[in-house]
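Here is a friendly walk through one structure, written for someone meeting such models early in their studies. Keep the 3D view open and look up each residue as it comes along.

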Protein chains: 2
Amino acid sequence: MRWSQIDAIPCPLAQAMSVIGDSWTLLILRDAMRGARKFDEFQQSTRASRAVISARLAHLVERGVMERVQYEAHPPRYEYRLTNRGLALQPVMMTMAHWAETHLPKPVRSAGRRHTTCGHKFRPVVTCSECGETVTPETVTFDRPPALAGSK
Amino acid sequence: MRWSQIDAIPCPLAQAMSVIGDSWTLLILRDAMRGARKFDEFQQSTRASRAVISARLAHLVERGVMERVQYEAHPPRYEYRLTNRGLALQPVMMTMAHWAETHLPKPVRSAGRRHTTCGHKFRPVVTCSECGETVTPETVTFDRPPALAGSK
DNA sequence: TATGTAAGTTCGTTTTCTGAACTCAGTCTC
DNA sequence: GAGACTGAGTTCAGAAAACGAACTTACATA
């Protein structure tokens, strides 16, 4: 199977990967969450090739994660903004960055996240929507244990 | 810049992507969390080419996310197991799958996660380690606002 | 001897990525 | 009004990676 057909797999994770699973895409989204909007900002910050940036932004627009907005008529200029769908990826990226900070050896300056509601620096913690307790890999089971073999 | 040099970028997200950002890698990890261990299980479930599975597993072992263990001496057979570092990706993947379930249009059967501690079906919720409240994109700021332009 | 199995590797072809240059529409400076 | 500049891309040739199928290795079983 081709990677380009990944969206045919009926699994939430595969669906997610079909949208954000390309190289550079997550770094583009990282920059968008930091406030980047213009083509050249994405290109200079990620240092991916312009062709890749172009293809990735188009894909993200097509999948509703970003939108292309004309912000100037003469000359015509466009910028890219996160949609709600794109903004909703923030917890995913925060969790992923936190994994890297705590589980990868290379020392990287942590992001210094602050929760404005309480004012504290914080770690993102994944909890159970029902009891509020921290969810660990050991305390999760699946009701319909997902079939392992790819469906024929 | 090449994707293969992505690990040179001093950003937690880039570091994470250098480990788990390749096509198929996250699906391999998904299967590993469901209990897959053998080469052919990963290949049949993901349906990626054997060469890709081989390269990805080797990369994951190199980066300490999985380990290659001989489980039979005659004939010599090896399997792949998640390390603690790999297991720690579970919250990341759960959060990502939940994003797909709630924010992507295509209807996919949700995973049916159950929290064994409280016994309920649940959604993963990202909360603040300090006050316990749900963290939304709007309530997070960064202390050292990450520089936008790539450092020269 | 023949068949099967698990874990890969190899190979020729197709697809994608890369970096640099180029385009386009319009503005700004001399 | 000529030439340089800007932002948002596209184009192109060469390099790298992915693809599927076949092959290999090392044994076990019939």
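Let us begin with DNA strand C, which has 22 residues around it; R50(B), S54(B), R68(B), R77(B) and Y78(B) are the closest. Of the atoms of this strand that come within 4 Å of the protein, 70% belong to sugar and phosphate. Please keep in mind throughout that this is a predicted model.

**Around DNA strand C**

Which elements help to make the surface near DNA strand C? Two or more residues each come from α4 (50-62) of chain A and from α3 (39-46), α4 (50-62), β1 (66-72) and β2 (77-82) of chain B. Sorted by class, the surface near DNA strand C has nine nonpolar, three polar and 10 charged residues.

Some individual contacts are worth finding on your screen. A polar backbone atom of M1(B) sits 2.8 Å from a phosphate oxygen of DNA strand C. The side chain of Y80(B) also has an N or O atom 2.8 Å from a phosphate oxygen of that strand. With R77(B), the partner is a sugar or linking oxygen, 2.7 Å from an N or O atom in the side chain.

**Around DNA strand D**

How many residues surround DNA strand D? There are 23, and the closest are R50(A), S54(A), R68(A), Y78(A) and R56(B). Here, 72% of the DNA atoms within 4 Å of the protein belong to sugar or phosphate, and the rest belong to bases.

The surface near DNA strand D draws at least two residues from each of α3 (39-46), α4, β1 and β2 of chain A, and from α4 of chain B. Its classes are 10 nonpolar, three polar and 10 charged residues.

Here, too, you can pick out single contacts. An N or O atom in the side chain of S54(A) is 2.6 Å from a phosphate oxygen of DNA strand D. For R68(A), a polar side-chain atom lies 2.7 Å from a phosphate oxygen of the strand. W24(B) takes part as well, with a polar side-chain atom 3.4 Å from a phosphate oxygen of DNA strand D.

The table below gathers the contacts described for the two DNA strands.

| Residue | DNA strand and atom | Distance |
|---|---|---|
| M1(B), backbone | C, phosphate oxygen | 2.8 Å |
| R77(B), side chain | C, sugar or linking oxygen | 2.7 Å |
| Y80(B), side chain | C, phosphate oxygen | 2.8 Å |
| S54(A), side chain | D, phosphate oxygen | 2.6 Å |
| R68(A), side chain | D, phosphate oxygen | 2.7 Å |
| W24(B), side chain | D, phosphate oxygen | 3.4 Å |

**A look at chain A**

Now step back to the fold of chain A. This chain has six helices and five strands, and from the N terminus on its elements run α-α-α-α-β-β-α-α-β-β-β. Along its principal axes, the C-alpha trace of chain A spans about 55 × 50 × 30 Å.

Strands β1 (residues 66-72) and β2 (residues 77-82) of chain A pair in the antiparallel sense over six bridges. Together β1(A) and β2(A) form a hairpin, with four residues between them. R68(A), which we met beside DNA strand D, stands opposite Y80(A) in β2(A).

**Some unusual backbone spots**

Most residues other than glycine have a negative phi, and most peptide bonds are trans. What kind of peptide bond joins H74(A) and P75(A)? The bond is cis, with omega about -5°, and P75(A) lies in the loop between β1 and β2 of chain A. In chain B, the peptide bond from H74(B) to P75(B) is cis, with omega near -5°; P75(B) is placed in the loop between β1 and β2 of chain B.

R47(A) is not a glycine, yet its phi is positive, at about 65°. You will find R47(A) in the loop between α3 and α4 of chain A.

**Where the two chains meet through α6**

Finally, find helix α6 (residues 90-103) in chain A and in chain B. These two helices pack at an angle of about 170°, with their axes 9 Å apart. α6(A) and α6(B) are therefore roughly antiparallel to each other. In this contact, P91(A), V92(A), T95(A), M96(A) and W99(A) meet P91(B), V92(B), T95(B), M96(B) and W99(B). The residues of the contact divide into eight nonpolar, two polar and no charged.

Notes:
Residues are numbered from 1 along each chain as its sequence is written. Chains are lettered from A and ligands numbered from 1 in the order in which they are written. This is a predicted model: local features need pLDDT of at least 70, side-chain atom pairs count only at pLDDT 80 or more; totals for chains, interfaces and linings use all residues. Side-chain values use heavy atoms; hydrogens and water are left out. Axes are lines fitted to C-alpha atoms, for helices over the stretch in contact, and angles run from 0 to 180 degrees between N-to-C directions. Angles under 35 degrees count as roughly parallel, over 145 as roughly antiparallel, 65 to 115 as roughly perpendicular and the rest as oblique. Contact means heavy atoms within 4.5 Å. Ala, Val, Leu, Ile, Met, Phe, Trp, Tyr, Cys and Pro count as nonpolar, Asp, Glu, Lys and Arg as charged, and the others, Gly among them, as polar. Two strands pair if DSSP finds at least two bridges between them. A residue is near a molecule or strand if one of its heavy atoms lies within 4 Å of it. A polar contact is a pair of N or O atoms within 3.5 Å; within protein, one must be able to donate a hydrogen and the other to accept it, and residues adjacent in sequence count only if both atoms are side-chain atoms.
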